[in-house]
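Welcome to a short set of exercises, each with a worked solution. Keep the sequence and the 3D view open, and try each task before you read on.

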Amino acid sequence: MVARRGRSPRRADAASRPDRHGRHGRQGRSSVVRPPIGPLDTRFERFDVAVGAASEFLRSAWPELHDVSFEIGSMPPHSHADGIPRWHIDRTAKRIVLFRIPIERLGRLHRDDELHRRMSIEGTVFRAAAEYLDRDPWDLGPERFRYF
């Protein structure tokens with residue numbers, strides 16, 4: 001049987017380590033300062049950014065939309081005979097509600113990537129705003145599509 005000695009003496013490099021480090025060499029964490037977390041990137045946040053950008057463009061281009069609130073709902077309360085609605089317009093409350101799940105899942109993209117998903121969302125915002133204004137969606141931003 002091998003006799004165990006007591007603790008081995010501390011090494012020189014361990015003694016030179018500052019006190020704020022734990023036994024594994026990492027800094028201690030406190031309840032006040034948490035470790036940095038990368039930006040959260042969820043489908044809802046990407047949808048919110050796309051709707052926000054398109055709605056801000058429309059509000060700045062059309063004074064009729066300046067007081068209109070663009071809101072995001074997950075699903076419509078009920079479906080209609082002609083399908084599931086992508087948005088709901090309430091002109092008396094000056095409100096457009098865009099339903100995220102039908103827009104994201106029922107949209108037919110010819111290429112399923114981030115750019116085309118964002119373009120689909122922005123196109124839906126333009127169509128909803130055009131219905132609110134009783135105009136054609138292409139009339140809302142003609143200078144934006146002049147290069148086509």
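**Exercise 1. Decide whether R117 is buried, partly exposed or exposed, and describe its surroundings.**

Step 1. Start with the accessibility: R117 has a relative value of 32%. Buried needs under 20% and exposed needs over 50%, so R117 counts as partly exposed. Bear in mind that this is a predicted model.

Step 2. Next, place the residue: R117 belongs to helix α4.

Step 3. Now look for its contacts. Setting aside residues up to four places away in sequence, R117 touches L109 and D112.

Step 4. Finally, compare sequence with space. A50 is 67 residues from R117 in sequence, and their C-alpha atoms are 9.4 Å apart.

**Exercise 2. Find out which residues lie nearest the centre of the second largest pocket.**

Step 1. Take the space first: this pocket holds about 280 Å³.

Step 2. Its lining is made of 15 residues, and those nearest the centre are E104, E114, R117, R118 and I121. R117 from the first exercise is one of them.

Step 3. Sort the lining by element: α2, α3 (100-106) and α4 each give two or more residues to it.

**Exercise 3. Work out whether E122 is buried or exposed.**

Step 1. Locate E122 in helix α4.

Step 2. Read its relative accessibility, which is 14%. The limit for buried is under 20%, so E122 counts as buried.

Step 3. Check a partner far along the chain: A53 is 69 residues away from E122, yet 8.2 Å separates their C-alpha atoms.

**Exercise 4. Identify the members of the largest nonpolar core that touch the most other members.**

Step 1. The core has 23 residues, and the ones to pick out are L58, L65, I96, L98 and L140.

Step 2. Ask which elements supply it. Two or more residues come from each of α2 (43-61), β2 (87-90), β3 (95-99) and α4 (114-133). Helix α4 contributes the most, with 8 residues.

Step 3. Zoom in on L58. Apart from neighbours within four places in sequence, L58 is in contact with L65, V125, F126, A129 and L140.

**Exercise 5. Compare K94 and D134 by phi, place and exposure.**

Step 1. Recall the usual case: most residues other than glycine have a negative phi.

Step 2. Look at K94, where phi is positive, near 55°, although the residue is not glycine. K94 sits in the loop between β2 and β3. Its relative accessible area is 39%, so K94 is partly exposed.

Step 3. Turn to D134, another non-glycine residue with a positive phi, about 55°. D134 lies in the segment after α4. With 66% relative accessibility, D134 counts as exposed.

**Exercise 6. Find the ring that the charged end of R91 sits over.**

Step 1. Follow the side chain of R91 to its charged end: the ring beneath is that of Y132.

Step 2. Note the distance to the ring centre, 5.7 Å.

Step 3. For rings paired with rings, the count is 1 aromatic pair.

**Exercise 7. Write the order of helices and strands along the protein chain.**

Step 1. Count the elements: there are 4 helices and 3 strands.

Step 2. Put them in sequence order, which gives α-α-β-β-β-α-α.

Step 3. Add the whole-chain figures. Of the 148 residues, 25% count as buried. Among contacts between residues at least 6 apart in sequence, 61% join residues at least 24 apart.

Definitions and conventions: Residues are numbered from 1 along each chain as its sequence is written. This is a predicted model: local features need pLDDT of at least 70, side-chain atom pairs count only at pLDDT 80 or more; totals for chains, interfaces and linings use all residues. Side-chain values use heavy atoms; hydrogens and water are left out. A nonpolar core is a set of buried Ala, Val, Leu, Ile, Met, Phe, Trp, Tyr and Cys residues joined through side-chain atoms within 4.5 Å. Buried means under 20% relative accessible area, exposed over 50%, partly exposed in between (1.4 Å probe, protein chains only). Contact means heavy atoms within 4.5 Å. Rings of Phe, Tyr and Trp (its six-membered ring) pair if their centres lie within 6.5 Å; planes under 30 degrees apart count as stacked, over 60 as edge-to-face and the rest as tilted. A charge sits over a ring if NZ of Lys or CZ of Arg is within 6 Å of the ring centre and within 35 degrees of the ring normal. On a 1 Å grid over the protein atoms alone, a cavity is a set of points where a 1.4 Å probe fits but cannot get out, and a pocket is an open set with protein on both sides within 12 Å along at least five of seven lines; lining residues have an atom within 4 Å of a point. Grid points are joined across faces, edges and corners, and a volume is the space filled by probe spheres set on the points.
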